[in-house]
Amino acid sequence: MSRVRAAIDIDAPPEKVYDLALDPSRLHEWVTIHRKVNRADPGEPRPGFQMDQTLSLRHANFKVHWTLTDAERPHRATWEGRGPAGSYARTSYILTPNGAGGTHFEYENEFNPPGGFLGAAASRVVVGDAAEREAKRSLAQLKALLER
């Protein structure tokens, strides 16, 4: 399993950050590895909400079927996803007021590649530090978008 953590302070209230971060129609505006939403449930994101997404890392596109397993607006959200060949990912957002009317946004992604130990070793070689770099870039883009 690989784990990526990143955090950023955003000069916007948690409700505004949460609503934008969980809106499937706006993922293209801030998630650097996002390519498209193939399908998303109608309505507001809520526990059980599902979305199919195409992502790209190191020029390789792949699809993930996501389920929102935890959603407490505006404090936290957790997506669990199934990808190619039985891979699994869990992405969590924790939002806390930072005392100045803004939001401290904590991001965590856990990824279990297919193939057990050998798959995990291969994933580290192929992906390397790209996942952490892209997480930080995505959060920077989210910050810029919300602070405009």
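Start by selecting W30, Y93, F105 and Y107, which together form one aromatic cluster. Keep in mind while looking that this is a predicted model, and that the structure as a whole holds 4 aromatic pairs. When you examine such rings, a pair is described by the distance of the centres and the angle of the planes.

**F105 and its surroundings**

From the cluster, keep F105 selected and display the strand it belongs to, which is β7, running over residues 103–112. Is F105 buried or exposed? With a relative accessibility of 0%, F105 counts as buried. If you now show the residues in contact with F105, leaving aside its neighbours within four places in sequence, you will find A6, A7, I8, I10, V17, A21, Y93, I94, L95, L139 and L142. Add D9 to the view as well: D9 and F105 are separated by 96 residues in sequence, yet their C-alpha atoms are 6.1 Å apart in space.

**Helix α3**

Two of the contacts of F105, L139 and L142, lead to the next selection, since both are listed among the buried residues of helix α3. Select residues 130–146 to show this helix, whose 17 residues reach 24 Å from the first C-alpha to the last, close to the 24 Å expected at 1.5 Å a residue. Within α3, colour the buried residues A130, E134, A135, S138, L139, L142, L145 and L146. They lie on the same side of α3, because the arc they cover around the axis is only 165 degrees. An α-helix has 3.6 residues a turn, so residues three or four places apart point the same way.

**Strand β6 and its two partners**

Return to Y93, which is a member of the aromatic cluster and also the bridge partner, in β6, of A77. Select residues 88–97 to bring up β6, a strand that is mostly covered, with 7 of its 10 residues buried. On one pairing, β6 meets β5 (residues 76–82) in the antiparallel sense over 7 bridges; on the other, 10 bridges join β6 to β7, again with the strands running antiparallel. To follow the second pairing at the level of residues, pick S92, which stands opposite E108 in β7.

Both pairings are hairpins that can be traced through their turns. Between β5 and β6 there are 5 residues, and the one to select is A85, found in the loop between these strands. A85 has a positive phi of about 55 degrees although it is not a glycine, whereas most residues other than glycine have a negative phi. At 67% relative accessibility, A85 counts as exposed. The hairpin of β6 and β7 likewise has 5 residues between its strands, and there G99 takes a positive phi near 90 degrees.

**A cis peptide bond before β5**

Moving back along the chain, select R73 and P74, which are joined by a cis peptide bond with omega of about 0 degrees. For comparison, most peptide bonds are trans. P74 is found in the loop between β4 (60–72) and β5.

**Two buried polar side chains**

Select S56 next, in strand β3 (residues 50–57). S56 is buried, with a relative accessible area of 8%. Which side chain makes a polar contact with that of S56? The partner is N61, at 3.0 Å from side chain to side chain. Beyond neighbours within four places in sequence, S56 is in contact with I33, R35, N61 and F62.

Then select H34, which lies in strand β2 (residues 34–40) and is buried, with a relative accessible area of 9%. The side chain of H34 makes a polar contact of 2.8 Å with the side chain of Q53. Not counting residues up to four places away in sequence, H34 touches L27, H28, Q53, T54 and L55.

**Stepping back**

Finally, clear the selections and display the whole protein chain, which has 3 helices and 7 strands. From the N terminus on, these elements run in the order β-α-β-β-β-β-β-β-α-α. Colouring by accessibility shows 43% of the 148 residues of the protein chain counted as buried. Where the contacts of the protein chain have a separation of 6 or more, residues 24 or more positions apart account for 47% of them; the contacts of F105 listed earlier, including those with A6 and L142, are a place to look again with the whole chain in view.

Definitions and conventions:
Residues are numbered from 1 along each chain as its sequence is written. This is a predicted model: local features need pLDDT of at least 70, side-chain atom pairs count only at pLDDT 80 or more; totals for chains, interfaces and linings use all residues. Side-chain values use heavy atoms; hydrogens and water are left out. Rings of Phe, Tyr and Trp (its six-membered ring) pair if their centres lie within 6.5 Å; planes under 30 degrees apart count as stacked, over 60 as edge-to-face and the rest as tilted. Helices (H or I, at least four residues) and strands (E, at least two) are DSSP runs, numbered from the N terminus. The expected span of a helix is 1.5 Å times one less than its number of residues. Buried means under 20% relative accessible area, exposed over 50%, partly exposed in between (1.4 Å probe, protein chains only). The arc is that of the directions from the helix axis to the C-beta atoms. Two strands pair if DSSP finds at least two bridges between them. A polar contact is a pair of N or O atoms within 3.5 Å; within protein, one must be able to donate a hydrogen and the other to accept it, and residues adjacent in sequence count only if both atoms are side-chain atoms. Contact means heavy atoms within 4.5 Å.
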